[in-house]
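Q: Could you take me through one part of this model in detail? I would like to see how the bigger sheet region is put together and what packs on it.

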Amino acid sequence: MDSTDRTQQAGPSRPCPGDRERTGSSPFGWIAEQDRIRRAAGLRRELRPRPADSPLLDLAGNDYLGLTRHPEVTRAGADACLRWGAGATGSRLVTGSTALHAELEAEIADFTGFEAALVLASGYAANLAAVTALTGPGTLLVADAANHASLIDGCRLSRAAKEVVRHADPDAVRKALDGHHGPAVVLSDAVFSVDGDAAPLPALAAACREYGAALLVDDAHGFGVLGDGGRGSLAAAGLAGAPDVVGTATLSKALGAQGGVVIGPAAVIEHLVNAARTFIFDTGLAPAAAGAALGALRLLRREPERAGRSRAVALDFHRLLTEAGLDASAPDACVVSVRAPSPEAAFAWAAACRDEGLAVGCFRPPSVPDGVSRLRLTARCDLTDAQVAGAVEIIVRTAPRA
């Protein structure tokens with residue numbers, strides 16, 4: 001087991017196939033034991049399909065800019081579907097690239113200040129593409145201990161040496177890079193998805209440059225929210241367009257659509273087109289999603305105040321929750337988490353909020369690298385002050401009692 005296996009496991013480990021009796025047993029018999037373990041630990045998950053018009057106030061999704069149902073965005077997606085078809089029809093290198101994809105990539109690159117961009121089917125696929133295609137034998141990957149699972153899985157799939165370092169610690173990065181001879185890539189979320197804290201990107205970039213390493217940043221929770229008019233964490237850190245920096249992002253959070261993107265130097269993007277397996281072998285992003293993302297990006301450029309409003313709402317959540325005596329994380333973007341005493345308490349708390357008309361995220365192991373369960377709230381720019389106050393009142397009233 002390499003060091004990237006320390007955090008964010010997919011669940012209880014699967015038993016070795018040799019542990020089951022081979023005669024007369026089901027090849028999936030081990031699943032029942034895994035389900036028993038999950039239930040006993042309070043970690044069982046289940047799908048909960050929502051209706052098109054949910055009565056719940058949604059603080060669980062990631063629609064930071066309130067765009068996923070904006071008429072201009074939904075119309076852009078519908079028009080793209082009618083013009084280009086329901087699907088991309090193939091991988092991007094076969095028939096899955098349209099003029100719409102190219103237009104979206106050009107506008108994202110211009111908006112974020114990088115030379116080029118490459119759109120993929122999801123943010124997860126974008127991270128796998130960037131990590132695996134930019135590394136190989138002899139490369140050292142230095143990863144923040146709190147990175148998202150997609151970066152962790154990219155490390156696992158790469159053929160590089162790996163070292164996990166303390167969370168948000170540039171000196172730990174320096175220590176890991178010191179003495180390594182050969183290419184190196186430092187991986188970090190820009191805004192970490194559990195507590196919503198931001199990485200020290202300028203200091204990380206400085207550490208990388210001392211040792212000639214590249215910096216790869218997942219800006220899923222900063223793109224559209226941080227920086228001038230929502231241009232992202234890299235722009236806010238003065239790293240936009242840097243020749244030694246690559247960014248990834250999702251189109252499903254601030255832009256309210258679907259898909260992922262890699263931004264960086266043109267040579268890097270061209271290399272991904274030729275070497276990234278999750279780009280080469282995956283069907284291209286559906287035109288409706290590409291059209292909706294492009295419509296959302298253009299709306300954000302006209303209404304940049306949306307980014308600032310979403311951050312202000314997050315700060316209001318934090319202030320009101322802490323004033324009420326709850327242990328809430330200080331947000332650097334739009335994520336606020338509230339600690340719970342146990343996985344069972346977090347699950348019951350989230351269920352109580354739902355019963356009161358409020359949808360909140362419930363983060364339990366293995367989704368949290370420190371093992372502490374939380375409610376996770378996401379701020380939206382379209383929330384009113386009354387909605388914020390009402391949500392806080394429900395969270396405080398339903399909080400577990402010590």
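What follows is a walk through one sheet and the helices beside it.

A: Happy to! A word on the source first: this is a predicted model, in which local features need pLDDT of at least 70 and side-chain atom pairs count only at pLDDT 80 or more, while totals for chains, interfaces and linings use all residues. Residues are numbered from 1 along each chain as its sequence is written, and side-chain values use heavy atoms, with hydrogens and water left out.

The sheet is open and has 7 strands in the order S2-S8-S7-S6-S5-S3-S4, with mixed pairing. Strands here are DSSP runs of E with at least two residues, helices are runs of H or I with at least four, and both are numbered from the N terminus; two strands pair if DSSP finds at least two bridges between them. At the edges stand S2 (116–120) and S4 (161–165), each with a single partner strand, so one side of each has no neighbour in the sheet. From one strand to the next, the twist averages 20 degrees.

Within the sheet, S3 (residues 140–144) pairs with S5 (residues 184–189) in the parallel sense, over 4 bridges. Leu 141 has Val 185 in S5 as its bridge partner. Helix H4 (residues 123–133) packs on the sheet, touching S2, S3, S5, S6 (214–218), S7 (245–250) and S8, and its direction makes about 160 degrees with that of S7. Contact means heavy atoms within 4.5 Å; angles run from 0 to 180 degrees between N-to-C directions, using axes fitted to C-alpha atoms, for helices over the stretch in contact.

Helix H3 (residues 99–112) lies across S2 and S8 (260–264), at about 130 degrees to S2. H3 also packs against helix H11 (residues 287–302), at an angle of about 30 degrees and with the axes 10 Å apart. The two helices are therefore roughly parallel, a label for angles under 35 degrees (over 145 is roughly antiparallel, 65 to 115 roughly perpendicular, and the rest oblique). On the H3 side the contact includes Leu 100, Leu 104, Ile 108 and Phe 111, and on the H11 side Ala 290, Leu 294, Leu 297 and Arg 301 are among the residues met. The residues of this contact divide into 10 nonpolar, 2 polar and 5 charged, where Ala, Val, Leu, Ile, Met, Phe, Trp, Tyr, Cys and Pro count as nonpolar, Asp, Glu, Lys and Arg as charged, and the others, Gly among them, as polar.
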